[in-house]
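Thanks for sharing this one. Here are my notes, written to be read with the structure open beside them.

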Amino acid sequence: MQKFDVIIVGAGVVGCAIARELSRYRLRIAVLEKEKEIGQGTSKGNTGLIHSGVNADPSTLSGRLNLEANPLFDQLTDELAVPFDRNGSLVLAFSSEDRQALINSLEEARTNGVQGIRWLNREQLLEKEKKVNPEALGAIYAPRGGIICPFEFTLALAQNAAGNGVVFRTGCRVHKTITEEGRVVGVETDQGFFQGDYLVNAAGLSADEMNCVREEGIRIKARRGQYLVYDRDYPVQIKHTLFPRPTPVSKGIIVTPTVHGNLMIGPDAEEIEDRSSLETTREGISRVIVGAKKLVPALNTSDIIRMFSGNRAVAGDDFIIRPARRTRGLILAAGIQSPGLTAAPRIAGLIKEILQDLGLNMEEKDDFQARRPVPVRPGNMDYKERAELISRDSDYGQIICRCEGITRGEIREAIRAPLGARTIDGIKRRTQAASGRCQSGFCGPRLLELLQEYAGIDPLQASLRGGSSQLLKYHSKELLLKAGEGLADI
Ligand SMILES: Cc1cc2nc3c(=O)[nH]c(=O)nc-3n(C[C@H](O)[C@H](O)[C@H](O)COP(=O)(O)OP(=O)(O)OC[C@H]3O[C@@H](n4cnc5c(N)ncnc54)[C@H](O)[C@@H]3O)c2cc1C
């Protein structure tokens with residue numbers, strides 16, 4: 001039997017931020033994740049913005065936590081060795097009504113403590129961002145808005161938490177919360193029973209599928225957002241994140257650089273029935289293109305290398321972060337739609353405070369390690385540093401992904417590291433291999449070989465993202481035999 005003080009369901013950015021925060025204390029903590037790898041839910045598929053808080057309403061939990069969390073990112077990303085750029089955001093006005101509404105929100109944002117914001121007239125706006133639609137009347141400039149890789153941030157939180165003693169179990173779906181006399185005693189999972197005194201539900205889109213959460217009357221709806229990603233060499237380059245005036249349900253379709261140097265446009269906002277669907281649709285993509293071209297008319301559809309979608313977990317208008325009313329020991333972190341990525345560090349702080357209030361004894365560790373080892377990134381090195389690295393370890397001189405220039409050494413370490421990659425998508429998100437122009441056309445077979453070499457995964461079992469996404473049906477030898485049999489049932 002495995003006994004823990006706190007069990008966290010879900011290894012998205014919220015679950016991993018909570019795990020990292022709690023790992024500062026002498027506690028036995030487990031994070032249980034149903035997917036083959038961590039961070040495979042909404043936390044991998046979003047815009048990757050650290051919102052400035054310019055439109056955040058501090059009377060809501062999501063608005064307050066956004067405002068509180070934004071300033072934490074400089075220290076946090078430094079500790080976790082995660083690339084983060086305060087590239088600044090621009091919220092554009094296209095009508096006098098937009099302008100008035102944005103100027104009003106500027107005053108509110110100042111009152112709410114958002115630093116450095118100011119109004120730019122059309123000339124100032126075009127000077128700051130040359131490709132912006134010259135029909136824009138002006139914009140709010142928020143220099144504290146930033147961009148981050150949402151997957152790498154989630155992974156870094158998890159690796160740091162694991163380094164500080166948190167147990168992570170992947171491929172471990174939680175089926176049922178077990179209670180005795182109205183109090184949590186543990187969970188039933190694919191990997192057996194885990195005993196725990198406190199249970200934090202951070203299960204994203206599936207948060208309401210667990211028995212005790214349903215009893216709280218929480219229902220999650222999925223609101224899909226679709227995106228297009230441009231090749232890194234795309235000639236239209238944008239430095240800031242460009243927003244239209246927000247609507248009541250969405251911050252609108254935006255144009256933004258990513259920390260990996262691509263241009264990205266999206267997302268739209270559409271309620272869908274099937275929360276697990278990650279389809280992109282003709283209508284959604286058209287909406288994204290129209291919305292983005294309004295901000296930057298020079299955008300076209302050449303050099304688009306990828307489309308994807310992500311689903312927001314919506315449970316009403318605000319985050320639900322509180323102890324359950326009917327089950328003692330259960331804490332909810334549900335309905336964490338946007339800006340959940342930004343708010344994650346403060347959501348974690350709030351969950352810690354709730355656990356303390358519920359009576360969990362928290363004694364700080366003397367040996368908590370705030371820093372994650374810095375991953376080796378030859379692409380960020382100068383020629384001399386790179387040559388020295390290759391002379392020590394020749395795997396860093398062997399390019400596997402030609403589009404992004406990713407080496408065998410980087411992929412090897414992504415697989416061997418704690419909570420290492422076990423799927424092709426896992427390698428892609430950790431290293432950027434397979435994320436470039438050819439989208440794994442050239443490096444895919446090599447990645448399968450490396451998964452076999454460093455994680456012992458038979459290529460026939462290897463998958464794109466776990467589940468039923470296996471890539472191969474036969475070994476080449478079998479394939480030749482089948483061919484000899486007249487390609488029987490291939
Ligand atoms: C289109 C879009 C754009 C967004 N853009 C931004 C942005 O720019 N900035 C920002 O701040 N926020 C943004 N967000 C919001 C942000 O992405 C989410 O708030 C955040 O990722 C939610 O994290 P999470 O950990 O709650 O959920 P998830 O990442 O979905 O994690 C939940 C995890 O729980 C696991 N799980 C579920 N059920 C079980 C079970 N029974 N047993 C075990 N594991 C289980 C899942 O597999 C999953 O890994 C955006 C969201 C979307 C969809």
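The points below go from the ligand to the cysteines and then to some backbone details.

1. A word on the source before anything else. This is a predicted model, so please read every distance and angle below as a value computed from predicted coordinates.

2. Let's begin with the ligand. There are 38 residues around the ligand, and those that come nearest are Glu-33, Ser-43, Leu-49, Ile-336 and Thr-342. Sorted by class, this shell has 18 polar, 15 nonpolar and five charged residues.

3. Three backbone contacts are worth displaying. Ile-336 places a backbone N or O atom 2.7 Å from an oxygen atom of the ligand. For Leu-49, a backbone N or O atom lies 2.9 Å from a nitrogen atom of the ligand. Thr-42 has a backbone N or O atom 3.0 Å from a ligand oxygen atom. As for cover, the ligand has 1,000 Å² of accessible area on its own, and the protein covers 97% of that.

4. Which elements give two or more residues to the shell around the ligand? They are helix 1 (13–22), strand 13 (221–230), strand 18 (304–314) and helix 9 (340–357). In terms of domains, at least three shell residues come from domain 1 (1–84 + 147–218 + 315–374), and at least three come from domain 2 (85–146 + 221–313).

5. Helix 1 deserves a look of its own. Of its 10 residues, 10 are buried. Charged side chains are on that list too: the buried residues include Arg-20 and Glu-21, along with Val-13, Gly-15 and Cys-16.

6. Now for the cysteines. How many disulfides does the structure hold? The count is zero. Cys-401 is in no disulfide, and the nearest cysteine sulfur belongs to Cys-443. Why is this pair not bonded? Their sulfurs are 4.6 Å apart, which is too far for a bond; the cut-off used here is 2.5 Å. Cys-401 is buried, because its relative accessible area of 2% is under the 20% limit. Cys-443 is buried as well, at 1% relative accessibility.

7. Gly-441 makes a useful contrast with Cys-401. This glycine is exposed, with a relative accessible area of 57%, and sits in the loop between helix 12 (424–431) and helix 13 (444–455). Gly-441 and Cys-401 are 40 residues apart in sequence, with their C-alpha atoms 9.7 Å apart in space.

8. Two other residues in the loop between helix 12 and helix 13 have backbone angles to check. Gln-432, found in that loop, has a positive phi of about 80° although it is not a glycine. Ala-434, also in that loop, has a positive phi near 75°. Are these two buried or exposed? Gln-432 counts as buried at 16% relative accessibility, and Ala-434 is buried at 4%.

9. Gln-40 brings in a side-chain contact. Gln-40 lies in the loop between strand 2 (29–32) and strand 3 (49–50) and counts as buried, at 12% relative accessibility. The side chains of Gln-40 and Arg-429 are joined by a polar contact of 3.1 Å.

10. Last, please look at two cis peptide bonds. One runs from Gly-266 to Pro-267, with omega near -10°, and Pro-267 is in the loop between strand 16 (263–266) and strand 17 (270–272). Another runs from Ser-338 to Pro-339, with omega near 10°. Pro-339 belongs to the loop between strand 20 (330–334) and helix 9.

Conventions:
Residues are numbered from 1 along each chain as its sequence is written. This is a predicted model: local features need pLDDT of at least 70, side-chain atom pairs count only at pLDDT 80 or more; totals for chains, interfaces and linings use all residues. Side-chain values use heavy atoms; hydrogens and water are left out. A residue is near a molecule or strand if one of its heavy atoms lies within 4 Å of it. A polar contact is a pair of N or O atoms within 3.5 Å; within protein, one must be able to donate a hydrogen and the other to accept it, and residues adjacent in sequence count only if both atoms are side-chain atoms. Accessible areas come from the Shrake-Rupley method with a 1.4 Å probe; for residues, only the protein chains shown count as cover. Helices (H or I, at least four residues) and strands (E, at least two) are DSSP runs, numbered from the N terminus. Ala, Val, Leu, Ile, Met, Phe, Trp, Tyr, Cys and Pro count as nonpolar, Asp, Glu, Lys and Arg as charged, and the others, Gly among them, as polar. Domain bounds come from an automatic or database domain assignment. Buried means under 20% relative accessible area, exposed over 50%, partly exposed in between (1.4 Å probe, protein chains only).
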